[in-house]
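Hi,

Here is the structure I promised to pass on. Have a look at it first, and then read on for what turned up.

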Amino acid sequence: MGQRHWVRTTKCQLIVTSLFVMLLGLAVTILTIITHYGAHFSVISGVSSEANPYRIFHNVAFYSGICLTMILVLAALLSTVATVRESVCLMAMGFFCFAIVFCALIQAAFWRYTNNSEVEDAMMDVYDSVYEEVRRNLSSFRRQELATIHETFLCCGKQSPFGETGGIEKETCPSEPMGTARADCLQEIQDFLKKHMDFVSVLLIITICFMGREVNRDGLELLLESNPISQRTRQDEQAQDGERKVQQR
């Protein structure tokens, strides 16, 4: 009786763990959608320039997030079904999915900390490019793009060493409220991206730690399930359960 209670408790814990993995997948999905469709990111990615360095990061982040979400949800479903049905095959598939996610996240974390300012530099380069094109010519389309960036980030041009405001700022900065739209745009882009990347780093660390735990747990379970002694023990337990049911009838 005590052994049955222990087995049921373990199964409940595994199912709760799988549900938590699904929640992680949901969190990754929400963060991916915000990163792709959020106004601050879309306005920079939408700049119509053949040499838009940020657009590559924008698309890679979106498709990577979608793939990661799908693998997380699949791993959680496989783990849940394997726990309920006690299937070694499904458990092995879930272990494989968790291992893929863990390796991918380690690679992402390594890239994040070795290329810390690459995305930030790409976004600021796009703004610099639009600003300089507007300053050199009278393209109304570029002026509209620059005005949209100013309205989205609530900023106004680039900081001048002389503290002067040029004609570009007067024409493209939001008219109201004037007091909230005079910040340096490069600084605003940098601050916004830093806050966003802090959220990404926290979610990345949580997911890596959890995936490492899942990989270790599923690996140990697979080793135990493949052990001939464990298989004989499980068969004996099933035979005893069958005998008890026959006796009760």
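A word on naming before the findings: helices here are DSSP runs of H or I with at least four residues, numbered from the N terminus. Please also keep in mind that this is a predicted model.

Let me start with H150, which sits in helix α6, residues 140-153. Is H150 buried or exposed? Its relative accessible area is 0%, so H150 is buried. Setting aside residues up to four places away in sequence, H150 touches Y127, C155, C156, G157, T172, C173, P174 and C185. H150 and E169 are 19 residues apart in sequence, and their C-alpha atoms lie 9.2 Å apart.

Y127 leads us on to helix α5, as Y127 is one of the buried residues there. The others listed as buried in α5 are V119, E120, A122, M123, M124, V126, V130, Y131 and V134. At 1.5 Å a residue, the 19 residues of α5 should span 27 Å, and the end C-alpha atoms are indeed 27 Å apart, so the two values agree.

Helix α5 (residues 118-136) also packs on helix α3 (residues 53-85), at an angle of about 130 degrees and with the axes 7 Å apart. The two helices are therefore oblique to each other, and α3 passes α5 in a left-handed crossing. Which residues meet at this contact? From α3 come P53, Y54 and F57, and from α5 come E118, V119, A122, M123, D125 and V126. Seven of the contact residues are nonpolar, two are charged and none is polar.

Best wishes

Technical notes:
Residues are numbered from 1 along each chain as its sequence is written. This is a predicted model: local features need pLDDT of at least 70, side-chain atom pairs count only at pLDDT 80 or more; totals for chains, interfaces and linings use all residues. Side-chain values use heavy atoms; hydrogens and water are left out. Axes are lines fitted to C-alpha atoms, for helices over the stretch in contact, and angles run from 0 to 180 degrees between N-to-C directions. Angles under 35 degrees count as roughly parallel, over 145 as roughly antiparallel, 65 to 115 as roughly perpendicular and the rest as oblique. A crossing is left-handed if the near helix is turned anticlockwise from the far one by less than a right angle, and right-handed if clockwise. Contact means heavy atoms within 4.5 Å. Ala, Val, Leu, Ile, Met, Phe, Trp, Tyr, Cys and Pro count as nonpolar, Asp, Glu, Lys and Arg as charged, and the others, Gly among them, as polar. Buried means under 20% relative accessible area, exposed over 50%, partly exposed in between (1.4 Å probe, protein chains only). The expected span of a helix is 1.5 Å times one less than its number of residues.
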